[in-house]
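Let's take a look at how helices and strands can sit together in one chain. Have the sequence and the 3D view open while you read.

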Amino acid sequence: MKWSRSLSARVAAAGALALMLAAPVSAAPIARISAVVESGVSPAAMVRQALPRYLAAELARAGADGFPPGARLELVIREIYLSHDGGMPFGTTNDFSLMPDAITGVTRVLDSRGRVLVERRAFATSAPDSAGFGPGNEARRVDALLRALAYWVARDIAR
């Protein structure tokens with residue numbers, strides 16, 4: 001009887017040890033967020049300033065943690081596409097609806113040493129008439145794209 005109790009105690013201890021080893025040592029939220037804008041993408045300054053703020057808010061809302069301490073998110077923006085004015089014949093689809101504004105890039109989560117933990121395509125669209133057409137409204141259209149991208153990146157990372 002004594003042997004069976006000690007065997008069951010050993011099995012229970014081994015099971016508890018296995019669970020401890022399987023669980024992450026510490027799970028943390030992403031420590032730093034940066035936006036890298038490839039050359040030729042405009043407005044680069046707006047993207048670098050606004051996108052990290054929007055991402056931080058969306059990541060907090062989505063509960064994106066579980067990364068090693070010191071992990072950082074880097075979002076490389078490759079292209080921002082603003083469709084043409086609705087009155088123009090180009091920039092429309094076959095049924096003459098407006099093509100959406102779009103932003104593309106790559107999302108990377110890196111550990112504290114710079115090794116890539118996660119790398120995924122980043123893409124978002126928004127309605128081109130969300131802020132109206134014209135040169136004065138381009139900043140609002142880009143802002144709508146940045147907010148949409150932050151939402152989708154946070155949702156993708158939090159899974």
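Below is a walk through a helix pair and then some strands. Keep in mind that this is a predicted model.

**The helix pair**

Start with helix α2, residues 44-62, and helix α3, residues 138-158: they pack with their axes 8 Å apart, at an angle of about 40°. Angles from 35 up to 65 degrees fall outside both the roughly parallel and the roughly perpendicular ranges, and α2 and α3 are therefore oblique to each other. If you look at the handedness, the crossing of α2 and α3 turns out right-handed.

So who is touching whom? On the α2 side, the residues that meet α3 include Met46, Leu51, Tyr54 and Glu58. From α3, Val142, Asp143, Arg147 and Ile157 are among the residues in this contact. Sort the contact residues of α2 and α3 by type and you get 18 nonpolar, 3 charged and no polar ones.

**The strands**

Now over to the strands, where β2 pairs with β1 and also with β3. Here are the two pairings:

| Pair | Residues | Sense | Bridges |
|---|---|---|---|
| β1 and β2 | 32-37 and 72-81 | parallel | 6 bridges |
| β2 and β3 | 72-81 and 101-110 | antiparallel | 9 bridges |

Leucine 73 is a handy spot to zoom in on. This β2 residue stands opposite isoleucine 33, and leucine 73 also has valine 109 in β3 as a bridge partner.

Finally, helix α2 comes back into the picture: together with β1 and β2, α2 makes a β-α-β unit, and that unit is left-handed.

Terms used:
Residues are numbered from 1 along each chain as its sequence is written. This is a predicted model: local features need pLDDT of at least 70, side-chain atom pairs count only at pLDDT 80 or more; totals for chains, interfaces and linings use all residues. Side-chain values use heavy atoms; hydrogens and water are left out. Axes are lines fitted to C-alpha atoms, for helices over the stretch in contact, and angles run from 0 to 180 degrees between N-to-C directions. Helices (H or I, at least four residues) and strands (E, at least two) are DSSP runs, numbered from the N terminus. Angles under 35 degrees count as roughly parallel, over 145 as roughly antiparallel, 65 to 115 as roughly perpendicular and the rest as oblique. A crossing is left-handed if the near helix is turned anticlockwise from the far one by less than a right angle, and right-handed if clockwise. Contact means heavy atoms within 4.5 Å. Ala, Val, Leu, Ile, Met, Phe, Trp, Tyr, Cys and Pro count as nonpolar, Asp, Glu, Lys and Arg as charged, and the others, Gly among them, as polar. Two strands pair if DSSP finds at least two bridges between them. A crossover is right-handed if, with the strands pointing away from the viewer, the path from the first strand over the helix to the second runs clockwise.
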